[in-house]
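I'm opening a fresh page for a structure I haven't looked at before. The plan is to jot down what I look up as I go.

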Amino acid sequence: MAYGVKYRLIFSDLLGNGKKVEILQDGYTGDVLPMIGTGNPVEIEWEGDDDFYNPIIGSSCTINLLVTDDVTYDDFFRGNEEEYRVKIYYDRGLMESFQDRVEAYQTNAGYFESPYCISDTLLQNNTISSDFTKRVLNDGGTIDNETCIVKSITDSKTYDWQTLWEGFLYLDTYSEALASTPYAISITALDGLGLLDVENTRSLNQNYNPTSLSDNLGEWYFVSEMLQKFNQDDTATNERQLYWAGDIQYDGTSIPPRIWSIYSNIDSKNNFLDEKKVLENILRKSNSRIFHAFGDWYVVPNSLYLDDVFSGQYYDRSVFKNALSNGQNEMIKFQVFSIGNNRDFEGNATKNVTRRLKNDLQPIDNDLSIEYLSPIKKVILNSNLETYSKIKGSYTPGFGFTFGLLGYSLVYGTVGYYDYIASNNQCYRVQNRASNSSSRATAIRNVGFAKYKSFEGFEVFNFSFDYLFDSDVTTNFEYKFWYSVKAVEGTTDPGDTLYYNESDNNFSQSIVYNEVIVNNINDLKIWQSVKKTLPETQPFTYMREIIVTIYLPYANTSTGYNHFYIDNLEVNNTDFELKTKELTSSITQNKGLKDYDLIPNEEITNQFLEGVFVQVPKPYLDIDDDIKIAQQILNDYRNYVPRYEGTGYGLRKKPITPIDKLYMNFENFKDEQGSMIDTLKYNVKNNESEFVAHTPNNDPDIEVTQQIRETYR
């Protein structure tokens with residue numbers, strides 16, 4: 001996509017700070033047309049949840065315009081999805097320009113103690129002379145005295161436009177007055193997070209191998225995969241970034257803190273989850289939240305969101321309280337990753353996140369209030385483990401996964417969006433057929449597996465797949481195909497190999513080709529199933545490899561035959577398997593209870609790929625994440641949780657966003673730390689911010705008792 005600016009509106013807020021709105025259209029190359037704003041031309045809203053552990057904070061932008069006899073606009077609601085892009089800019093001052101250079105991502109990002117020292121030294125606005133000075137310095141030159149430049153030119157204010165927000169017009173939310181000109185219209189744009197659940201295409205590699213530590217880049221990579229579709233257009237020079245605070249992500253050398261979980265990607269029936277749910281699952285495992293601000297994406301912890309300088313001293317709250325009260329800012333470290341075509345680690349960055357009421361944000365409307373959320377005694381974390389027994393590489397309906405290692409081996413057919421699909425959105429289709437009834441050419445088979453629990457004892461396995469013959473034949477036909485099931489016992493090396501015989505429901509030492517016949521016209525062009533349970537008397541007590549191979553079909557006549565379809569090839573371990581896991585964490589005081597739904601816990605203990613046994617390290621793969629989440633929630637709720645709500649008037653050029661932490665700094669009331677913004681509505685013209693923010697408790701961990709209850713089939 002190549003977007004061109006079609007409409008532009010430049011205005012100032014009540015402090016005289018410049019703001020700009022642009023609407024871009026895909027493929028547009030014409031003149032930039034004017035827009036006329038109402039008294040409230042732009043509002044940006046980050047809409048959080050009452051439950052501030054909700055991992056996704058989506059944002060929207062509402063643009064209110066006037067239609068006059070001379071100024072009209074496109075019928076935006078007639079446009080295609082992502083045809084129109086909206087960008088909101090603010091004028092960056094000299095202080096912020098200097099601050100950004102210090103904080104920019106690099107090997108060792110810089111720090112400064114207080115932004116107020118900078119503001120006392122540098123002018124707030126850019127001018128022609130300051131722009132000239134900046135260009136000279138950037139080119140490696142020197143300037144003796146800037147006042148000499150001012151005397152030689154007619155100086156005036158200039159703009160240094162920086163992105164505040166961007167998104168796509170959401171075409172279902174367009175309204176206009178039924179009146180003569182001038183009349184108002186209102187259009188809404190979304191940042192994209194709220195649209196992940198309605199996207200038809202998937203940018204994720206759904207079959208990513210969760211046990212391959214050498215290839216697994218960590219959570220940031222998969223988040224960036226989803227965000228890529230909302231990146232800059234292909235002509236942009238300023239690619240957007242993903243800023244990640246909290247757990248150290250992959251940087252080219254380190255192993256990520258938690259590897260990709262296949263359970264982040266499918267539900268209990270093996271259907272693919274939409275990308276919004278996948279994103280929620282990934283972030284819930286680290287108790288994090290994501291939002292959009294300043295054109296980039298930010299992931300920050302819901303708890304333990306502290307400056308490293310202070311976190312080590314938090315046993316003494318007065319250290320933190322005195323520092324913030326005296327004007328010291330809080331600097332949060334981020335790892336930065338590109339989210340364009342060249343997704344990679346870019347470097348480290350720091351961000352000044354402290355915003356003080358009333359130094360930076362002046363309370364107005366007399367509506368500032370504080371609510372104290374009741375303490376809780378117990379946190380219950382629930383995991384649905386319906387897919388816990390699935391064997392990777394052979395469980396997925398729809399064939400939406402990538403093929404190869406731990407996937408499927410495809411020989412003759414192809415995967416696609418065909419007229420006949422048993423489930424999900426894709427299936428496997430074969431046009432070839434065997435030349436004679438004795439041919440056994442492989443059409444498809446599953447490749448190996450990784451079991452998410454040790455194979456121990458006499459467990460029960462079953463396999464299943466769906467098939468369909470697409471044929472226009474009417475009489476005298478007989479279609480056949482064959483399948484084999486190979487089972488391999490293994491400890492540290494492959495052991496005995498046996499083959500399933502459907503006719504006597506037993507195992508054989510030599511390969512068995514189980515035959516399936518279709519000769520009834522009523523069985524054509526409809527999906528049918530093969531589902532079998534392997535004998536319980538199988539002599540296996542350790543890991544085993546189970547490979548289902550389906551061979552090319554045979555037709556006694558070529559007349560009418562079109563295609564052969566396969567879908568939903570899977571192997572299951574169904575005996576004595578976990579259905580749910582419940583972690584109950586409690587403390588001695590309080591009375592309240594909180595439920596928290598999680599994706600299943602990874603208990604990958606080993607991996608077996610056709611002939612190769614691999615032991616996977618354990619530290620990443622247990623319930624530790626869930627215990628940490630419960631600990632953090634109980635830490636926050638050990639006492640009453642302060643939650644602030646109010647409206648403030650911005651006193652700085654740079655707008656407030658959810659990156660910032662609000663510090664209550666009044667003569668008669670000073671909080672002990674900054675509060676995290678959960679919901680924010682920013683009136684750009686009036687420079688007003690309505691906010692809801694809570695204060696996490698980052699005291700040393702409270703003592704917690706853990707109990708795990710497992711439910712089996």
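Before anything else, I need a cut-off: a residue is buried under 20% relative accessible area, exposed over 50%, and partly exposed in between. I also note that this is a predicted model.

**Entry 1: a spot on the surface.** I started with Phe 669, which sits in strand E38, residues 669–670. Is Phe 669 buried, exposed or partly exposed? Its relative accessible area is 34%, so I put it down as partly exposed. Phe 669 has company, too: together with Ile 370, Tyr 372 and Tyr 640 it forms a nonpolar patch on the surface. I wrote down about 410 Å² of accessible area for the four together.

**Entry 2: the whole chain.** Next I zoomed out. The protein chain has 713 residues, and 57% of them count as buried. I found nine helices and 41 strands. The chain exposes about 29900 Å², and carbon and sulfur atoms supply 45% of that. I also looked up contacts between residues at least 6 apart in sequence: 78% of these join residues at least 24 apart.

**Entry 3: the cores.** Nonpolar side chains tend to be buried together in soluble globular proteins. With that in mind, I went looking for cores. The largest nonpolar core here has 57 residues. Which residues have the most contacts inside it? I listed Ile 44, Tyr 73, Ile 88, Trp 165 and Leu 662. I picked Ile 88 for a closer look and, leaving out residues up to four places away in sequence, found that it touches Lys 20, Val 21, Val 42, Ile 44, Cys 61, Gln 162, Thr 163, Leu 164 and Trp 165. There is also a second, separate core of 35 residues, which includes Phe 465, Val 473, Tyr 500 and Val 548.

**Entry 4: helix H5.** Then I turned to helix H5, residues 219–227. How many of its residues are buried? I got nine of nine, so H5 is largely enclosed by the rest of the structure. Even Glu 219, Ser 224 and Glu 225 are among the buried ones. What do the buried residues of H5 pack against? My list has helix H6 (275–284) plus strands E11 (241–244), E12 (288–293), E13 (296–301), E14 (331–338) and E15 (345–352).

**Entry 5: cysteines.** Last, I checked for disulfides and found zero. Cys 61, which turned up earlier as a neighbour touched by Ile 88, has 0% relative accessibility and therefore counts as buried. Cys 427 is also at 0%, so I filed it as buried.

Definitions and conventions: Residues are numbered from 1 along each chain as its sequence is written. This is a predicted model: local features need pLDDT of at least 70, side-chain atom pairs count only at pLDDT 80 or more; totals for chains, interfaces and linings use all residues. Side-chain values use heavy atoms; hydrogens and water are left out. Patches are made of residues with over 30% relative accessible area and no salt bridge: like charges are joined within 9 Å, nonpolar side chains (Val, Leu, Ile, Met, Phe, Trp, Tyr) within 5 Å. Accessible areas come from the Shrake-Rupley method with a 1.4 Å probe; for residues, only the protein chains shown count as cover. A salt bridge is a side-chain nitrogen of Lys or Arg within 4 Å of a carboxyl oxygen of Asp or Glu. Helices (H or I, at least four residues) and strands (E, at least two) are DSSP runs, numbered from the N terminus. Buried means under 20% relative accessible area, exposed over 50%, partly exposed in between (1.4 Å probe, protein chains only). A nonpolar core is a set of buried Ala, Val, Leu, Ile, Met, Phe, Trp, Tyr and Cys residues joined through side-chain atoms within 4.5 Å. Contact means heavy atoms within 4.5 Å. A disulfide is a pair of cysteine sulfur atoms within 2.5 Å.
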